[in-house]
Every structure is written in structure tokens, then in C-alpha cells.
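Biologist: I am new to this model and would like a close look at one part of it, then a walk outwards from there. Could you start with a single pairing between strands?

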Amino acid sequence: MLAGSGGDMQWCFSQVKGAIDDDVAEADIISTVEFNHTGELLATGDKGGRVVIFQQEIENKNYPQLRSEYNVYSTFQSHEPEFDYLKSLEIEEKINKIRWLPQKNAAQFLLSTNDKTIKLWKISERDRRADGYNLKEEDGRYKDPNSITSLRVPVLIPMDLMVEASPRRVFANAHTYHINSVSVNSDHETYLSADDLRINLWNLEITDRSFNIVDIKPANMEELTEVITASEFHPNQCNTFVFSSSKGTIRLCDMRASALCDKHSKLFEEPENPSNRSFFSEIISSISDVKFSHNGQYMMTRDYLSVKIWDLKMENRPVETYQVHEYLRSKLCSLYENDCIFDKFECCWNGNDSVVMTGSYNNFFRMFDREHRRDVTLEASRENSKPLQVLKPRKVCTGGKRKKDEISVDSLDFNKKILHTAWHPLDNIIAVATTNNLYIFQDKLTG
Amino acid sequence: MDRGTMECAVDAQSLISISLMKIHNSRTQRGGIKLHKNLLVSYVLRNARQVYIKEKYAEIYRMQQYEEVMTVCNEIQELNPLDPEPEDAEEEDLEVAALSCCAPLQDGGGKEPETSFYRSCCMETPGSPCDPFAGNGSHCNKTTVLDLDTHVVTTVENRYLHQDCCCSAPQCAPVPDSPVRKRKGDFGCCASDLEEVSDFSASRKRVRREECTDPNYTDTSNISNLISIFGSGFSGLLSRQADLEQICSKQALASLGAWTRAIVAF
């Protein structure tokens, strides 16, 4: 179903989920978005610790072309706020990451994490119930044993579909610092969790212990110069993972080399352009996300102003660099004052690794077509939310005369930021999270 | 940093204030102190400090040069029996020199291109965001201080030595009460220890007398030692407040004093 990007791909509005109010409740702020491996399920996590899962309905009678209608499948409270009495610290319930496990049986499994604790959730359907118990009434009350005169075998009868989410494992107390990443290994048995200074390896079945595989905490904290910002397992090499740092470097590690992977196998780093040096050079070079391509040959990193594609075989510079919003470079001081410079944008690949996507401000998001060297800026807004309405490309005016339909840099709304985006693994359907709304777009089918 | 020095000077000072506020505020943020964000803020602090100290050093150097010139001038003047009070004249001349250094508007002298730069350092134009004092142009040596209690940025006149400054450290001997030498003492002290002084961590240890941990600490670059803030205990916080009120008479040290307060505030 993945159309080759032959012509200009056009994107249409499909759905928007979430409240329409301008007044955003803090708990409703979306903090992570993730498709499962088939794309049938779409999970979101929010600041209130809740997980909402949408399921794709294939057919819509009113709009048969709308192949991407997602409806709520399950909602549950994954994490609650906690208090660490020893350190007098509150632990936020905000869901930092959700990662789906590959499906092995009828149930679905996902990992969700807040700053300190990872949980494995089982999401299962129940569409039948047992009827005809011998000892119990319909409502569950026990029958009077004397009234039972015959025995029967209970039968399963259909019922309204019920989706249950139950926590199967809780992986706690392994992280001193804030967890920023979880990643499931291709062996489907282990996964890693990363905080600012350490990465731990877990077995999905075992909750009372984990192996520490990376530790960059210096003996003297005064010598701290960088932290881990993201980490991911290689999509098909179960011994390989990468982690990115606040200094703009990515380290690739091989777990076969040693138990503790502090010494990297490869170090990916691009030397800084000295003419761009500013007070904020360190901040904008900090990597906020790292993602392997589906084929495992490349990885993509996101820093404040750009997206870089790295060939795993070449460490000294990226093979492609895409400017997301270079016009912000002259505004870094204001963005530092209002804290926007600390925003952590994520990025994602499409299913065949030909296009990458990331978010920006003013509810803009950007797509970079690697094959055709084209990029586009689109906007997620309620104004463009008629069914199947084609999204018009947006343009930011960087100086000089502002053309019609262009928006000037100073008019951008920096409170409207798109940090989380996801691309369906097998189709051109994308999920884009604004502050508290989830937009779903699909490509316009030609013909 | 490739920008006009004027802009640099203003930016550096306001960036320092802003960064300190961020660190201060992060204490009360939900979820605990964010290590990553504070590390990045500490890098901005370091960068701003490097620029700020470079400017201060250059200013100090210029002041020294003027002092030398003035000393020679005074010596020449002293030969004139009609001069009433040589010492007062010294002081006035020095002030004039200072003014001409820092306020080219006044004497019409000091046309060097750098004077506007120094003016921005030591005498903020009214309306500058980080230095809201009412254009008092009579003294060159003003310093900007961020009061973390009231969140007010004020300037302090810099003509007096206070006990809690770096001159209480062994390298800085108490100086005689003469304006010329006092300044020289200040700047001399600061200039010679600029290496150590520029390491705020070491100066923090100096000011906080109860913590004489590492006198040989010479790492001058890393303000990401700010992480040591997190290791700072809260004990003695209240007692330090009173002491810290008296700090900040010196230009270079004033900025460090503000940091010290921020650090202690942790």
C-alpha cells in the first residue's frame, strides 16, 4: 500500500482526537505516540499517566476512501504520581515512552514508562463470557446448594466486546535518574531502558533484576559534561544498540564486546561549524531523538534545528542533513528565555525509509523526501479539518517581503509545538500530536 | 562569538541572570531537578561567563593602563606647588580618568573605540533590561547583582572593599585606604587570580569559608561543575544569606557572588 513517492504526495485530513477547548488541561498534554507493528493500533500517552489506544477500522461506509479511521479501543491509567520519601521528590506520572511488543498471541503487549518505572501491559479482548454455572446465579450470587438438581456444562456465549488492560510486569527501582527511552530488542525477549546516565537491560519476564550495560556517571559529579538523551536497539541485530548524548554524539555499542558497553564500538559525531558558534551551541547540538531506519542501515537523529541521517558505516559525518526551522537560529536568545530551546522534538521514518518526518512550532510539521530531495511543511489545525481536506503546504517567511499565505517568523506561535509524530509502518498514514490533540492524516489516493 | 562586542556584553550579563533564575526555579519544578536541562543551562552560564570575564579583564587592563598614565600625570602635577591637595587631586583625576574611560560623553576624551564597549559593561544605559538603575553616570564601577530572594536585579556601587570578597583569601592582602591603590589592589588581585577566580567553583569554596575542600582546584573551564550545586547541602543556607548580602562590590567578583548565592540557594 506504500505508494512510491512518484509524484508530489498530498496529505489529507482524516481525524482529530481530543478536546476542542483552547484551555488545555495539563493532564491531557500528549507525551508520546506510537503505532504497533501492523499499524492497526495507535497508542498515545499523556501527562496524566493515561494511555489511550486507538484501533483502525478498515471500512467506513460514509467515506470508503477513508482507510484510516481510528477509534478508541482501550483507555487505562498506566502510571500514578508517586512520592519518593527518601529524596523528598515527587515522581511525575507523565508517560515518557510507549513501545509495542511484536504480537505473539491474541493479546497485545506494550511497555509504558514514566520517569522511574516501566510497566508491561497486556491488552486483551473479551467477547465471550461463560454462562450456565452450576453453583452461581447470573449475577454471581451463590445458589442454595439444595436447589441444585442437575449438572450442566457452562457454555461460552457472545457478549459485547470488552477490551481489558492489565499490568503484567512492573519494572521498578532500577533508575536513579529520569528514564528517557525504552526499546524492545529484536530477540523479543529483552529490552533496554535508558535514563540520563545509565542504560539497563531487562528480560521481559524478570522484574527483580536488570543488567546495567552503560554507565556514564563520572566518579565526581562535578565532572559531568554530558547525559544520555535517547537509546534504541538495532531493528534486526539483537546485540547492537545506540545511544545519543547531549553533546550531539551517538555511540553504537555491541553487547558481545563486553558486559559493560561504556566503550563504544562506533562514535558518530559531526564537527561543529565554528561560524555558528553562539552562547547556545551546546543546547542546540543536544540530540533529542534517535531512530534506526527499518532496514537497519541508517539512523536518524534530531537536534534542535535539524534532522540528520547517518550511515552506520560512516562515523565522521551524517550522509544527509535537513534543516527543520533554520530561521530560528537568530531567535535562540528568546527561545532560551521562554524555555522553548529545551523542547525535545522526535522524528520518524516512513515504512520504506524514503521519507522522514519531524515536528516544529505553530503546529507545523515537516517531511523530507530523501529520494526526491523535496521537503514540505504542513500544519495540523482545526481549520483544515474537513474530512479528506487536502493539506496546503505552508511557508515561513524569513525576511524581506512576506508573500501572501506565508507566515512570518515573529507570528509563529511557540506554544503550539508538535513534538511527537508517528508513521504507520506499512501505509501512508501519519499520527501527529499537537499539545492535546491527535491528528491523523493519510495520503491522497491517486485515481 | 562572532557579534558586536556591545551586544555580547549585554547578552552575557542578562544571560547569566536568566540562567541563574532557571536553575533557581528548577528546584521547585515537579518531578525533581532535571539533570539534562540544568546541564545545558550550565553550558550557557559558562559561555556567558567566559565572555563576561573576558570583557572584565579587558576593562581591568584598560583601567590599569589609565592608572599608570594618571600616576605619571600626577607626578608631573605634583611638581606644581600651586596644586592644593595632591591626594584629592589624584582621586579626582582618577575619577576623571575613570569617567573618560567609561563615559565618553563627559570629557569628550576617550574616543577609543572600546569605550562604548566598556560603558556597556560598567554603566548600563537606562532601559537595559538587566540593569535597571537610573542612569547615574558619576561612577564607572557599578556591578549588577541578582538578588535571588527578591528577584531584583540591582547595581551596587563599587568603591569599597567588603570583607567577604576575594580579598579575604590569602592571595589578596588588605589594601591601604587610597583610591588608586585600592583599585589596583582589587584589579591586581582579580587579574592575577583570574584563572582561579574564573573558576566559580573555587571562588565559591573561598566565600563559603566553612567549605575549604580543595585549594588546589584549578580546573578553569567547567561551569558544568554546576552539578556540584546539586551536591550542596542546605545546611548553613540561612546563615550564609546574611553574609552574602554584603558581597558584590567588585565587578568581576560581583557576578560570581550572585552565582554563589544561587549555588548556596540550592
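Which residue in E13(A) does A:Val184 stand opposite?

Modeller: Happy to help! The model is predicted, so local features need pLDDT of at least 70 and side-chain atom pairs count only at pLDDT 80 or more, while totals for chains, interfaces and linings use all residues. Residues are numbered from 1 along each chain, chains are lettered from A, and side-chain values use heavy atoms, without hydrogens or water.

The partner of A:Val184 is A:Tyr191, which stands opposite in E13(A). Strand E13 covers residues 190-194 of chain A and pairs with E12(A) in the antiparallel sense, over four bridges. (Strands are DSSP E runs of at least two residues, helices H or I runs of at least four; pairing takes at least two DSSP bridges.) The two strands belong to an open sheet of four in chain A, with the order E12-E13-E14-E15 and antiparallel pairing. At its edges sit strand E12 (181-184) and strand E15 (211-215) of chain A, each of which pairs on one side only.

Further along chain A, another set of strands is worth a visit. Strand E20, residues 289-292 of chain A, pairs with E21(A) over four bridges, again in the antiparallel sense. Within that pairing, A:Val290 is placed opposite A:Thr301 of E21(A). Five residues separate E20(A) and E21(A) in their hairpin, and A:Gly296 takes a positive phi near 80° there. On to the next partner: E21(A) and E22(A) run antiparallel and are joined by five bridges. They form a hairpin too, with three residues between them. Across that pairing, A:Tyr298 faces A:Asp311 in E22(A). Because four of the five residues of E21(A) are buried (under 20% relative accessible area), the strand is largely enclosed by the rest of the structure.

The loop between strand E21 (298-302) and strand E22 (306-311) of chain A leads us to the rings. Over all chains, a search of the whole structure finds 21 aromatic pairs. (Ring centres must lie within 6.5 Å; planes under 30 degrees apart are stacked, over 60 edge-to-face, the rest tilted.) A:Phe279 and A:Phe280 make an edge-to-face pair, 6.3 Å centre to centre with 65° between the planes. Both A:Phe279 and A:Phe280 are buried. A:Tyr304 and A:Phe345 form a tilted pair, 6.3 Å centre to centre with 50° between the planes. This pair links distant parts of the chain, 41 residues apart: A:Tyr304 is in the loop just mentioned, whereas A:Phe345 is in the loop between helix H2 (332-337) and strand E24 (347-349) of chain A. A:Tyr304 is buried, as is A:Phe345. Elsewhere, ring pairs join A:Phe13, A:Phe365, A:Tyr439 and A:Phe441 into a cluster.

A good place to meet the other chain is A:Glu282, in helix H1 (residues 281-285) of chain A. Its relative accessible area is 13%, so A:Glu282 counts as buried. Beyond its neighbours within four places in sequence, A:Glu282 is in contact (heavy atoms within 4.5 Å) with A:Ser246, A:Arg277, B:Leu40, B:Tyr43, B:Arg46 and B:Asn47. Chain B itself has 11 helices and two strands. Of its 266 residues, 55% count as buried.

Last, a word on confidence. Chain A averages a pLDDT (the predictor's confidence in each residue, from 0 to 100) of 93, and 96% of its residues score at least 70. Over residues 1-6 of chain A, however, the pLDDT is below 50; beyond near neighbours in sequence, this stretch has 18 contacts in the model.

Note on methods
Phe/Tyr/Trp six-rings, centres within 6.5 Å; stacked < 30°, edge-to-face > 60°. Buried < 20%, exposed > 50% of the residue type's maximum accessible area, 1.4 Å probe, protein only.
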